[in-house]
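Dear colleague,

Please find below the structure that I am handing over to you, with the sequence alongside. My notes on what was found in it follow directly after.

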Amino acid sequence: MRPIMVAVGGDSGTGKTTLCRGLEEIFGLDRILTICLDDYHSLDRQQRKATGITALDPRANNFAAMEEDLATLRDGSPVVKPVYDHHDGTITGPEYVEPRPIIVVQGLFPLYTRTLRALFDVAVWLDPQEDLKIAWKIQRDSAQRGYTREQVRAEIELRQPDIRKHIAPQRQHADVTVEFFRPQTPAYDNAHLNARIVKSSRFQPLDYSQFTQSGFFRQQRTAHDGALRTVLELDGACDDATALGLQDKIWSHMESHAHLRPEALGTFVDAQGPRVSHTLALAQLVIARRLALVENELNMAAAV
């Protein structure tokens with residue numbers, strides 16, 4: 001059976017790596033290969049600075065190599081790929097990579113070309129509230145990537161035209177979009193953000209009506225460009241009982257994968273240390289259910 005191909009896209013600092021950790025918790029690191037598309041930058045940090053081209057400009061990325069390597073992995077064969085070092089902004093490698101049952105491709109451009117889009121069984125797009133994204137990027141890049149906070153802010157401003165032109169339009173090609181945003185109350189933290197999950201008709205809807213009376217959860221069906229979409233909204237202030245009940249509901253429709261249930265989902269680390277977010281857990285589990293359904297479909301097809 002060929003690998004299941006998953007795209008997790010979004011602007012820099014949108015939480016792609018954090019979301020993917022939940023999928024790794026469920027399916028196991030031995031079954032998941034994660035490819036970061038930053039490895040396919042064709043210009044290193046110094047070259048981008050010298051030319052005035054940002055990493056969000058297609059000219060700074062090698063799409064031919066990206067498409068070829070991902071297609072090869074999807075066919076079940078290994079590849080030798082470059083590696084981008086985020087600490088100093090250099091391109092190193094090569095790295096020998098063998099496919100695994102699930103291949104998660106995360107980055108800025110997973111849905112940019114028609115060829116790339118055709119490779120994926122599930123396409124996810126992360127689009128948090130703008131000020132949250134900026135705060136997350138500043139925290140990450142200053143703590144992990146050798147930038148000062150002022151440099152990160154200047155880079156964010158420089159990237160805005162490329163975000164609007166090249167990154168944001170990819171959202172329309174996603175099967176599921178995850179938005180995190182601040183609640184109305186002034187007091188909040190990253191563990192209690194609201195979430196809106198928009199699923200395309202490719203996702204089989206579940207009946208969550210038993211949870212809508214809680215006041216924390218909403219579900220609706222909408223039409224967009226002639227296609228039905230399911231919208232799930234969960235308040236960050238959701239109580240543990242409602243959040244765990246939602247998780248139980250989804251796991252009950254993942255019988256073939258129920259044995260993979262980890263002790264906890266929605267874990268992340270910020271300036272306060274390790275935390276748990278119910279809204280992050282719901283997003284991770286909604287995506288995991290879709291992966292489980294795709295895996296079952298591929299297993300059935302392979303058995304014929």
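The accessible surface of the protein amounts to about 14,200 Å², and 50% of that area belongs to carbon and sulfur atoms. Please keep in mind throughout that this is a predicted model, and that the values given here were computed from it.

As for charge, the protein carries 35 positive and 40 negative side chains, with the centres of the two sets lying 4 Å apart.

Turning to the overall fold, the secondary structure consists of eight helices and 12 strands, and the C-alpha trace spans about 55 × 55 × 40 Å along its principal axes. For 304 residues a compact globule would be expected to have a radius of gyration near 19 Å, and the protein agrees with this, because its own value is 19 Å. Buried residues account for 52% of the 304 residues, and, of the contacts between residues at least 6 apart in sequence, 69% join residues at least 24 apart.

Three helices may be worth going through one by one.

Helix α3 (residues 63–74) has 12 residues, which at 1.5 Å a residue should span 16 Å, and its end C-alpha atoms are indeed 16 Å apart. Its buried residues are Phe-63, Met-66, Glu-67, Asp-69, Leu-70 and Leu-73, and these pack against the strands β1 (4–10), β2 (32–36), β3 (79–85), β4 (90–97) and β5 (102–107), as well as against helix α4 (114–117).

Helix α5 (residues 130–144), with 15 residues, reaches 21 Å from its first C-alpha to its last, which is close to the 21 Å expected at 1.5 Å a residue. In α5 the buried residues are Leu-132, Lys-133, Lys-137, Ile-138, Arg-140 and Asp-141, so you will find Lys, Arg and Asp side chains listed there beside Leu and Ile. The cover over these buried residues includes α6 (149–167) and β7 (176–181). After α5 comes Gly-146, which has a positive phi, near 80°.

In helix α7 (residues 240–251) I looked at one residue, Leu-246. Is Leu-246 buried or exposed? Leu-246 counts as buried because its relative accessible area is 1%, against a cut-off of under 20%. Leaving aside residues up to four places away in sequence, Leu-246 touches Tyr-208, Phe-211, Phe-217 and Leu-234. Tyr-208 lies 38 residues from Leu-246 along the chain, yet the C-alpha atoms of the two are separated by 7.8 Å.

With best wishes

Terms used: Residues are numbered from 1 along each chain as its sequence is written. This is a predicted model: local features need pLDDT of at least 70, side-chain atom pairs count only at pLDDT 80 or more; totals for chains, interfaces and linings use all residues. Side-chain values use heavy atoms; hydrogens and water are left out. Helices (H or I, at least four residues) and strands (E, at least two) are DSSP runs, numbered from the N terminus. The radius of gyration is taken over C-alpha atoms; the globule rule is 2.2 Å times the number of residues to the power 0.38. Buried means under 20% relative accessible area, exposed over 50%, partly exposed in between (1.4 Å probe, protein chains only). Contact means heavy atoms within 4.5 Å. Accessible areas come from the Shrake-Rupley method with a 1.4 Å probe; for residues, only the protein chains shown count as cover. Lys and Arg count as positive and Asp and Glu as negative; His and the chain ends are not counted. The place of a charge is taken as NZ of Lys, CZ of Arg, CG of Asp or CD of Glu. The expected span of a helix is 1.5 Å times one less than its number of residues.
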